[in-house]
Amino acid sequence: MLENIAIGLVTSLLGGAFVWVWERAKRTRAVNRRAEFFGVRPGQAGLVVLANKYNAPGTTSHRDARAGMELALLAGELGCDVLVETGDFRGSNGDRT
């Protein structure tokens, strides 16, 4: 009887581990597909450049500010670091997307 309990526990642990690995791989594949579509890699830095006075009323449209926020959120979900610069940014983005 103890043998049956031990076998049941071992098979349950193996089954649970297999399901965890399967779901983890599935999620990783989905994140990598989304990241590839947007041209980023998880762990890579991204650069979002907004208008010069994006926080002043009436200088940037609501849709532009919202799009910048959504891009930053999407990059964060993909595991990327996000840097936000103002419109007077004249540097190079280097290896950042």
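Lys-26 and Glu-23 form a salt bridge in which the closest N and O atoms are 3.5 Å apart. The two residues both belong to helix 1, where they sit three residues apart, or about one turn of the helix. Lys-26 is partly exposed, as its relative accessible area is 39%. Glu-23 is likewise partly exposed, with a relative accessible area of 40%. The structure is a predicted model, and three salt bridges are found in it.

A further salt bridge joins the side chains of Arg-34 and Glu-77, with an N to O distance of 3.6 Å. Arg-34 lies in helix 1 and Glu-77 in helix 2, so this pair ties together parts that are 43 residues apart in sequence. Arg-34 has a relative accessible area of 37% and is therefore partly exposed. For Glu-77 the relative accessible area is 51%, so this residue counts as exposed, the limit for that class being over 50%.

The salt bridge between Arg-66 and Glu-70 has its closest N and O atoms 2.9 Å apart. Arg-66 and Glu-70 are four residues apart in helix 2, so about one helical turn separates them. Arg-66 is partly exposed, with a relative accessible area of 47%. Glu-70 also counts as partly exposed, at 43% relative accessibility.

These interactions are set in a protein with two helices and two strands. Read from the N terminus on, the order of the elements is α-β-α-β. Helix 1 covers residues 2-38, and helix 2 covers residues 62-77. Among contacts between residues at least 6 apart in sequence, 79% join residues at least 24 apart.

Of the 97 residues in the protein, 14% are buried. The largest nonpolar core is made up of seven residues, namely Val-31, Ala-35, Val-40, Leu-74, Ala-75, Leu-78 and Cys-80. Helix 1 and helix 2 are the elements that give two or more residues to this core. When residues up to four places away in sequence are not counted, Ala-75 touches Cys-80 and Val-82. Leu-78, another member of the core, has its C-alpha 10.0 Å from that of Arg-33, although 45 residues separate the two in sequence. Arg-33 is placed in helix 1. With a relative accessibility of 56%, Arg-33 counts as exposed, whereas Leu-78 belongs to the core, whose residues are buried by definition.

Two aromatic pairs are present in the structure. Phe-18 and Trp-22 form a tilted pair, with ring centres 6.3 Å apart and an angle of 35 degrees between the planes. Both residues lie in helix 1, four residues apart, which is about one turn of the helix. Phe-18 counts as exposed, since its relative accessibility is 55%. The pair formed by Phe-37 and Phe-38 is edge-to-face, with a centre to centre distance of 5.0 Å and 85 degrees between the planes. Phe-37 has a relative accessibility of 67% and is thus exposed. Phe-38 is partly exposed, at 41% relative accessibility.

The protein exposes an area of about 7,800 Å², and carbon and sulfur atoms supply 61% of that area. On the surface, Met-1, Leu-2, Ile-5 and Leu-9 form a nonpolar patch, and their accessible area together is about 510 Å². Ile-5, one of the residues of this patch, is found in helix 1. Its relative accessibility is 44%, so Ile-5 counts as partly exposed.

Note on methods: Residues numbered from 1 in each chain as written. Predicted model: local features only at pLDDT ≥ 70, side-chain atom pairs only at ≥ 80, totals over all residues. Heavy atoms only, no water. Buried < 20%, exposed > 50% of the residue type's maximum accessible area, 1.4 Å probe, protein only. Phe/Tyr/Trp six-rings, centres within 6.5 Å; stacked < 30°, edge-to-face > 60°. Patch = residues over 30% accessible without salt bridge, like charges linked within 9 Å, V, L, I, M, F, W, Y side chains within 5 Å. Areas by Shrake-Rupley, 256 points an atom, 1.4 Å probe, with all protein chains shown as cover. Salt bridge = Lys/Arg side-chain N within 4 Å of Asp/Glu carboxyl O. Core = buried A, V, L, I, M, F, W, Y, C linked by side-chain atoms within 4.5 Å. Contact = heavy atoms within 4.5 Å.
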